[in-house]
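Got your viewer open? Let's take a short walk around this one, one selection at a time.

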Amino acid sequence: MREKEVEKLTIRDVPNKDYFIWGHGACPGCGVAIAVKNIMRILGPETIVYVPASCLVVFGAQYPFSSFDVPYFFSAFENTGAVISGIKAALRRKGKNALVVGLAGDGGTYDIGLQALSGAADRGEDVLYLCLDNEAYMNTGIQMSGATPFGAWTTTSPIGKKIKGKRRFKKDLDHIVAAHDPAYLATLSIAHFNDFVRKVERAKAIAGFRFLHVLTPCVPGWKYESSRTLEIARLAVETGMWTLFESYENESRVTYKPSVMQPVTEYLKLQGRFSNMTEEDVNTLQRWLCMKWWIHYKDQVEAPPCRMFEAERPLAHDGDPLHGV
Amino acid sequence: MVVKVISADHAVAWAVRLAKVEVIPAFPITPQTLIMELLAEFINDGELDAEFIAAESEHSVMSVAIGASVGGVRTFTASSSQGLALMHEMLYVPPQVRLPIVMVNVNRSLGAAAGIWLEHNDSMPERESGWLQCYVEDNQEALDMVLQAYRIAEDERVMLPLMVCLDGFVLSHTVERVEVPGQEEVDYFLPRFRPCVTLDPSEPQLINPIVPPDYAMEMRYQLDRAIDASRRVIAEVDELFGRTFGRRYGGLLQTYKMEDAEYALLSLGTVTTTARAVVDELRSRGEKAGLIKLRFMRPFPEKELKEVTKDLRSLGVFDRSLSMNGFGPVFTEVRGALSSSGIALSDHIGGLGGRDVTLEHIREIYSDIALGKAVQDGANWYGLRRRRK
Ligand SMILES: Cc1ncc(C[n+]2csc(CCOP(=O)(O)OP(=O)(O)O)c2C)c(N)n1
Ligand code: SF4
């Protein structure tokens, strides 16, 4: 699809034929299911899907049934980058031209799968790698991952008497991937759908290593009412917990900038996983977000967005996640 | 056909080239490296039309191989030791998905008390993975077996991955006279790969989803039966290979002077050559000694073994690896197969960590077997600085 046409796409241009169909076993309101259903509509039938161990592998297909109406393969947890490389190599040998896509969770991408992701990106494989980021290992019952945000409760970052929730900030995966110089890199939100459509279309159209990163709220993992998935996804962007940008042809740009920065508490208060955060921790997270906001939107904001940040900005980052933010 | 003086690693690379393999993921590890280096040269010189994928680890190597094979093309890789161990998780995928990947494992010791030298304890644990597994004796057999491996693995009655094991350094880095067959002969022997299932949008298939208890056990059963069914195919392919190239290896096992033997040694890999020389010595003195070269650990040739050992008084097993706590894995399998035979069975361990196995060791082993003592509480060790007997 040509560049101009992609620019103009909206939610109305999404085909309504499903390639991820009804009958799957995701929790009601599952962000992963919403993302995958829509991504598959856009990718269409000339697609081969690889899913590593994750919620999606369990709810997406169980012998002898499948919700994927395209070829589907699974083999392990940490090898998405490698398996899709192999499948694509086979297609090239056979002179066939399907899109090979890996649909991996955050654990399978940020942590255990990072090496295979890096290998595939480094080789410039002609594949689409998609990270469905629900910010924890959900399939095994909500354990902390490199994607889990600061202060969040998970079963391996419990709210203890001494230590309360995750103590590190979310790993900056997109910069790691960007360092590989991929053909296309973009972050997606299921609540900003026009932006979502354009980015998936662009990823579909471009050749080379493409990386899409979508924030996918998880009802039991984030502990919220299942009707609020999109609201939470939207608030993630409005508070700076999730930023929408894309990077290709040596250029990186923000694709959606909230008009004002909402306080992070607007996002936190809807989710049980943050319900035990101390005031100090909320402030720490807010300061970190302010810095991020400034980094992401600096060309588009005149003054630093929050007072808190303004007062403390002179501190340099010294590697300790709690200093210099 | 041309004659070359090459290492077993290079013989393997020639076989892969002749087999017209299409995708070759690789990661370096000694003593396997020579295989991949030569294949990379073949490809970069335009002599082999294949894709070389320099993966970032062996885990990814096997993952790429799985992707390529399920994508429907002939796939090869090679590894050793730590590399094979890193693949362990992925080795369990091709058998159950029925992907006929061929891999050469150049045997090398694994783990601490580290070394790069020959031992079979890297590949032995993987006999539980569902891969067919065979051990070769010399460089010619290394080449021939890779060709046979594709023919066996891709037979529609089999459709299983096959691991060809060869002794590190003793073969991998030692040059020998090797007959390299011509392309036409190989094309005749080895038809193009025709996958049973493959990922293709024109015919969407669900391959290897999660399998609930209602079906998984049947799938394990089918895999087990497919491994068993490969016994016949292995024998047939060896016959056909013999008719095409004039060399036969005996399929699952090969016997030497077993017709009237009273006692024998069972060996695998390069020790067989040493043992053959000792059998000749013993025979020239009128001793009724024999030799069984075990070629396949999977499928394990239980029936064939019973048949060739039926008149023996005693049988010794040579193990170049150890299942810690007494015996070697080959002995344990042989004892299982011959438990009701009444033959005195004994285990003889040597050559661990790359230690040489000399003629003298093998002579000692044969004289121990000749005594006909069944060993109950552990194996005999040969070449130890202080020998336990
Ligand atoms: C080598 C290995 N270690 C652990 C597991 C267990 N495991 C399966 S899925 C999973 C979590 C997946 O988390 P993520 O990638 O974030 O996907 P999600 O389930 O959250 O969608 C884990 C730990 C595994 N399958 N393989
Ligand atoms: S646990 Fe979370 S990610 Fe998994 S199916 Fe439920 S909502 Fe989706």
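Before you start clicking, one bit of vocabulary: Ala, Val, Leu, Ile, Met, Phe, Trp, Tyr, Cys and Pro count as nonpolar, Asp, Glu, Lys and Arg as charged, and the others, Gly among them, as polar. Sort the shell around ligand 1 that way and you get 7 nonpolar, 7 polar and 3 charged residues. Keep in mind that you're looking at a predicted model.

**Stop 1: the ligand.** Select ligand 1 and show both chains with it: the ligand lies between chains A and B. Next, bring up its surroundings, which amount to 17 residues. Those that come nearest are Cys55(A), Gly107(A), Gly108(A), Met138(A) and Asn139(A).

**Stop 2: the polar contacts.** Which part of Cys55(A) lies 2.8 Å from an oxygen atom of ligand 1? Zoom in and you'll find a backbone N or O atom there. Now click on Gly107(A), where a polar backbone atom is 2.8 Å from a ligand oxygen. Then try Gly108(A): a polar backbone atom of this residue is also 2.8 Å from an oxygen of ligand 1. As for the ligand's surface, ligand 1 taken alone exposes 580 Å², and the protein buries 76% of that.

**Stop 3: a pair of helices.** Leave the ligand and select residues 271–284 of chain B, which form helix H9, together with residues 359–370 of chain B, helix H12. How do two packed helices get described? By the angle between their axes and the distance between the axes. Here the axes come within 9 Å and cross at roughly 60 degrees, so H9(B) is oblique to H12(B). Turn the view to look along the crossing of H9(B) and H12(B): that crossing is right-handed.

Notes
Residues are numbered from 1 along each chain as its sequence is written. Chains are lettered from A and ligands numbered from 1 in the order in which they are written. This is a predicted model: local features need pLDDT of at least 70, side-chain atom pairs count only at pLDDT 80 or more; totals for chains, interfaces and linings use all residues. Side-chain values use heavy atoms; hydrogens and water are left out. A residue is near a molecule or strand if one of its heavy atoms lies within 4 Å of it. A polar contact is a pair of N or O atoms within 3.5 Å; within protein, one must be able to donate a hydrogen and the other to accept it, and residues adjacent in sequence count only if both atoms are side-chain atoms. Accessible areas come from the Shrake-Rupley method with a 1.4 Å probe; for residues, only the protein chains shown count as cover. Axes are lines fitted to C-alpha atoms, for helices over the stretch in contact, and angles run from 0 to 180 degrees between N-to-C directions. Helices (H or I, at least four residues) and strands (E, at least two) are DSSP runs, numbered from the N terminus. Angles under 35 degrees count as roughly parallel, over 145 as roughly antiparallel, 65 to 115 as roughly perpendicular and the rest as oblique. A crossing is left-handed if the near helix is turned anticlockwise from the far one by less than a right angle, and right-handed if clockwise.
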